[in-house]
Amino acid sequence: ADVTFAELSSEDIRAYVDTKEPMDKAGSYGIQGIGGQFVKHINGDFFTVMGLPMHRTSLAIAEA
């Protein structure tokens, strides 16, 4: 999936970093958390961005 962020000011970035949320994220943001407010558009599956796409994974396991 491709994620497009809104344009962020230095103040926006600093305020987000100050929340400490990005400190334990592989991509430095959590779409299901505070970082989600910066996402302008997702092209693809939301669950691919958030984490493991559970529905597709469960179907693949069932077919195995």
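This note goes through a predicted model of one protein chain, point by point.

1. **Fold order.** The protein chain has three helices and two strands. Along the sequence they come in the pattern β-α-β-α-α. The radius of gyration is 14 Å, well over the 11 Å that the globule rule gives for 64 residues, so the chain is more spread out than a compact globule.

2. **Overall dimensions.** Taken along the principal axes, the C-alpha atoms fill a box of roughly 50 × 25 × 15 Å. Read this together with the radius of gyration of 14 Å.

3. **Burial and surface.** Of the 64 residues in the protein chain, 16% are buried. The accessible surface comes to about 4,900 Å². Carbon and sulfur atoms hold 56% of that surface.

4. **Contacts across the sequence.** Take the contacts in the protein chain with a separation of 6 or more. Residues 24 or more positions apart account for 45% of them.

5. **Charge.** The protein chain carries 5 positive and 9 negative side chains. The centres of the two sets lie 3 Å apart.

6. **The core.** The largest nonpolar core has five residues. They are Tyr 16, Tyr 29, Ile 31, Phe 38 and Val 39. Tyr 16 also turns up among the contacts of Pro 22, a loop residue covered below.

7. **Ile 31.** This core member has a list of contacts beyond four places in sequence. Ile 31 touches Gly 36, Val 39, Ile 42, Phe 46, Val 49 and Met 50. Val 39 from that list also belongs to the core. Phe 46, Val 49 and Met 50 fall in the stretch of α2 (46-50).

8. **The loop between α1 and β2.** Helix α1 spans 10-18 and strand β2 spans 39-43. Several residues in the loop between them deserve a look, including Thr 19, Lys 20, Pro 22, Ser 28 and Gly 33. The next points take them in turn.

9. **Thr 19.** Thr 19 sits in the α1–β2 loop. Its relative accessibility is 37%, so Thr 19 counts as partly exposed. Thr 19 and Ile 34 are 15 residues apart in sequence. Their C-alpha atoms are 8.6 Å apart in space.

10. **Two positive phi angles.** Most residues other than glycine have a negative phi. Lys 20 is not a glycine, yet its phi is positive, at about 75°. Ser 28 is not a glycine either, and its phi is positive at about 70°. Both residues are in the loop between α1 and β2.

11. **Exposure of those two residues.** Are Lys 20 and Ser 28 exposed or partly exposed? Lys 20 has 57% relative accessibility; the cut-off for exposed is over 50%, so Lys 20 counts as exposed. Ser 28 has a relative accessible area of 41%, so it is partly exposed.

12. **Pro 22.** Pro 22 is in the same loop, between α1 and β2. At 10% relative accessibility it falls under the 20% cut-off, so Pro 22 counts as buried. Leaving out residues up to four places away in sequence, Pro 22 touches Tyr 16, Val 17 and Ser 28. Pro 22 and Glu 63 are 41 residues apart in sequence. In space, C-alpha to C-alpha, they are 36 Å apart.

13. **Gly 33.** Gly 33 also belongs to the α1–β2 loop. With 31% relative accessibility, Gly 33 counts as partly exposed. Met 50 is 17 residues from Gly 33 in sequence. The two C-alpha atoms are 9.9 Å apart. Met 50 also touches Ile 31.

14. **Asp 45.** Asp 45 lies in another part of the chain, the loop between β2 and α2 (46-50). Asp 45 has 26% relative accessibility, so it counts as partly exposed. Which residues does Asp 45 contact, leaving aside its neighbours within four places in sequence? They are Ala 1, Pro 53 and Arg 56. The C-alpha atoms of Asp 45 and Tyr 29 are separated by 17 Å. Those two residues are 16 residues apart along the chain. Tyr 29 is one of the core residues.

Note on methods. Residues are numbered from 1 along each chain as its sequence is written. This is a predicted model: local features need pLDDT of at least 70, side-chain atom pairs count only at pLDDT 80 or more; totals for chains, interfaces and linings use all residues. Side-chain values use heavy atoms; hydrogens and water are left out. A nonpolar core is a set of buried Ala, Val, Leu, Ile, Met, Phe, Trp, Tyr and Cys residues joined through side-chain atoms within 4.5 Å. Buried means under 20% relative accessible area, exposed over 50%, partly exposed in between (1.4 Å probe, protein chains only). Contact means heavy atoms within 4.5 Å. Helices (H or I, at least four residues) and strands (E, at least two) are DSSP runs, numbered from the N terminus. The radius of gyration is taken over C-alpha atoms; the globule rule is 2.2 Å times the number of residues to the power 0.38. Accessible areas come from the Shrake-Rupley method with a 1.4 Å probe; for residues, only the protein chains shown count as cover. Lys and Arg count as positive and Asp and Glu as negative; His and the chain ends are not counted. The place of a charge is taken as NZ of Lys, CZ of Arg, CG of Asp or CD of Glu.
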